[in-house]
Amino acid sequence: MSSQILGCGHQAPAVQTPTKRSADALRLNSILGKSSVSAQLRTGSQRSIRHYQQATRPYRSAVCQSTKSATPVVEKVDLDARVAVVLGTQWGDEGKGKLVDILAQKYEIVARAQGGANAGHTIYDDKGTKYALHLVPSGILNKGAMCVVGNGVVIHLPTLFEEIETLAGQGVEIEGRLLISDRAHLLFDLHKEIDGLREDELAGKKIGTTKRGIGPAYASKAIRNGLRVVDLKDTEAFADKLRKLAMDGSKRFEGFQYDVEADIESFVEIAKRVLPYVGDTVSMINDSYDSGKRILVEGANATMLDLDFGTYPYVTSSNPSIGGVAVGLGLSPNKFEAIIGVAKAYTTRVGSGPYPTEIFGKEAETMREVGHEYGVTTGRPRRVGWLDIPALRYATRINGLTHINLTKLDCLDALETIKLGVEYQIDGKPLPSIPADLSMLEAVDVVYEDIPGWQTDISKCRSWDELPAKAKSYIARIEELVGVKCKWIGVGPGRDAIVVQP
C-alpha cells in the first residue's frame, strides 16, 4: 500500500490531480467493518483488534479540491502570543517540527530547551525539499530567526556539525543564526558506548533507547561529572575532566571501549569550530524578551516520555513537558502566553513500554506504511495505535495547553470506521488518570468509540470549510473530550498542508 494514496507520511508532497488519484485505483483495506458509533472494550489480555477485511473497495467520495486561492503559509500563523511553546503530547514523532517551521515565520527567536539528537524533526519548505533535523531548531528555515540551543540540551558536537554541513549543502544559511548555550552539557562517544552496554545488561527488559547516549549524558550531568560547552575554553582542564569521565565508565562496564586520548585530540579542533557559536543564552533570550522580540520554543520528545510524568522507566532522560522549558532555557513560566500541544490523529510509539491503544498484526503494518511511521533518528518501525484520549487529556492538564495541533488527519482518510480510545477501566471501574503502576497500565481495558470515517482524500484541503463534515465531527469529539481547541489540522507533509480552524 502506497502512502501517496493518502498524501500522508514524511515523503515530499506529490502533485496529483483527482483524475490521477482515481486512475491509481485508490483502494484500501477497511480496518473495521462497522460504521456505527458505539463503545467497545479492548481487554488487557487481548492485545489485538479485528483484522482488516480482505476485500478492498473503491476509495469513495471526491478528492477535496480547494476552490480558493492558496493562503500564504505565513498568514496561517494566526497566533498573537509573544512567547509560544510547542510540545509533544504523546510518545514523540507527532510532527512538532512542521508547526514550528510554520510559526517560525513570525518569530525572531526559535529555541530548543531539552533532549538531544534523539529528537528527529522532518520538515519541508515551499518547494517540497525535505530537511531532517536533530539538534538544530526547526526555525532554521526562517532566515529572519535566531536559533538557540538552550542549556537543557545535551549536545554531541560531531553530530551537530554534520547537521550544519548537510543544511549548508541544501542552501540553508547558518552563520550568525545559531547560538549554543555555554551551560549545555556535552555528549561524547563514551556516552553512546555506555548506552549500548546498559541496554545489553537489561536483556529482556530493554528500554528501547535510540542508543544516542542521551541517558548517560544526562546521568553525567546529574552526578556532576559531566562536561559543559564552557569547558571547551580550557583545553587542559577539559582533557583532565574527560579522562576522569572515561575512567568512571571503564570501571563500571565490562567491555567498555573508548579511546579517550583520540577524542581529546579531536575536540581541540571541534572547540575551535564551535566556540564562535557559543554564548550566554540565558541572558540573550531574556534580553530579547525584554526588548519586545517574539520567542518560539520547540519541544523535543513528548509528555508520555517525560522522565517524571511518562511511562517510567520507558521514557526519555529529560522533561519534555512544560517544566523542562523553564529549566532548559532560563525563561520564567509567567512569560508563556501560548502552549501548543501537538498530537497525531492516531498514536505511535518507538521502543518498549505500555501502549494501551496499540494495534497489532496486518492492520498495524498497513497503518505504519500509510503513515510512513519509521523513526527519523533511528529508522526503526514505530508501534501504532488509535488516538488515546486519557493520555492526551493527561498531557493537556500537565502542560496547561491552550491549543492543539492535530497532525496527519489525512492518514485516516480511507477508514470506514475510526476507533477512539476514550477511557481506561480496571475491573469495570474508570481510572481517573494515567496510573504510575505500569502493571496496572498494561492491564487496563480501553473503552472505544467507533467514529464514522469520511472516506475522502483531504490532502488538498486548505481551509476549514473544505474539510468533510465527518472529519470535523472527529475533531469536535476530540475537543469535547479533551477540552482544548484543535487550532491547526495537518492534512499532509508539505508546509502548506495545514488547515486552521477559525
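Guide: Welcome! A residue is called buried under 20% relative accessible area, exposed over 50%, and partly exposed in between. Keep in mind that this is a predicted model.

Visitor: Thanks! Does that make Asp 240 buried, exposed or partly exposed, and what about Lys 244?

Guide: Asp 240 has 37% relative accessibility, so it counts as partly exposed. Lys 244 reaches 53% and therefore counts as exposed. The two form a salt bridge, with their closest N and O atoms 3.4 Å apart.

Visitor: Why are Asp 240 and Lys 244 separated by about one helical turn?

Guide: Here is the general idea: an α-helix has 3.6 residues a turn, so residues three or four places apart point the same way. In this case, Asp 240 and Lys 244 are four residues apart in helix H6, which covers residues 235–252, so about one helical turn separates them.

Visitor: How many salt bridges are there altogether, and which residues are linked in a network?

Guide: The structure holds 18 salt bridges. Asp 93, Lys 344, Glu 373, Arg 382 and Lys 408 are linked in a network of them. Within it, Glu 373 and Lys 408 form a salt bridge whose closest N and O atoms are 2.9 Å apart. Glu 373 lies in the loop between helix H10 and strand S16, and Lys 408 in the loop between S18 and strand S19, so the pair ties together parts 35 residues apart in sequence.

Visitor: Are Glu 373 and Lys 408 buried or exposed?

Guide: Glu 373, at 0% relative accessibility, counts as buried. Lys 408, at 15%, counts as buried too.

Visitor: Now a helix, please. Which residues of H9 are buried, and where do they fall around its axis?

Guide: To read a helix, try looking down its axis. In H9 (residues 322–329), the buried residues are Ile 322, Gly 324, Val 325, Gly 328 and Leu 329. Seen down the axis, they fall within an arc of 155 degrees, so they line one face of the helix. Among the elements covering them are strand S4, strand S5, helix H8 and helix H11. After H9 comes Gly 330, with a positive phi near 75 degrees.

Visitor: And strands? Which ones pair with S22?

Guide: For strands, look at the neighbours and the direction of pairing. S22 pairs with strand S18 in the parallel sense over three bridges, and with strand S23 in the antiparallel sense, also over three bridges. On the S18 side, Leu 406 stands opposite Ile 489; on the S23 side, Trp 488 stands opposite Val 500. S22 is mostly covered, with five of its five residues buried.

Methods:
Residues are numbered from 1 along each chain as its sequence is written. This is a predicted model: local features need pLDDT of at least 70, side-chain atom pairs count only at pLDDT 80 or more; totals for chains, interfaces and linings use all residues. Side-chain values use heavy atoms; hydrogens and water are left out. Buried means under 20% relative accessible area, exposed over 50%, partly exposed in between (1.4 Å probe, protein chains only). Helices (H or I, at least four residues) and strands (E, at least two) are DSSP runs, numbered from the N terminus. The arc is that of the directions from the helix axis to the C-beta atoms. Contact means heavy atoms within 4.5 Å. Two strands pair if DSSP finds at least two bridges between them. A salt bridge is a side-chain nitrogen of Lys or Arg within 4 Å of a carboxyl oxygen of Asp or Glu.
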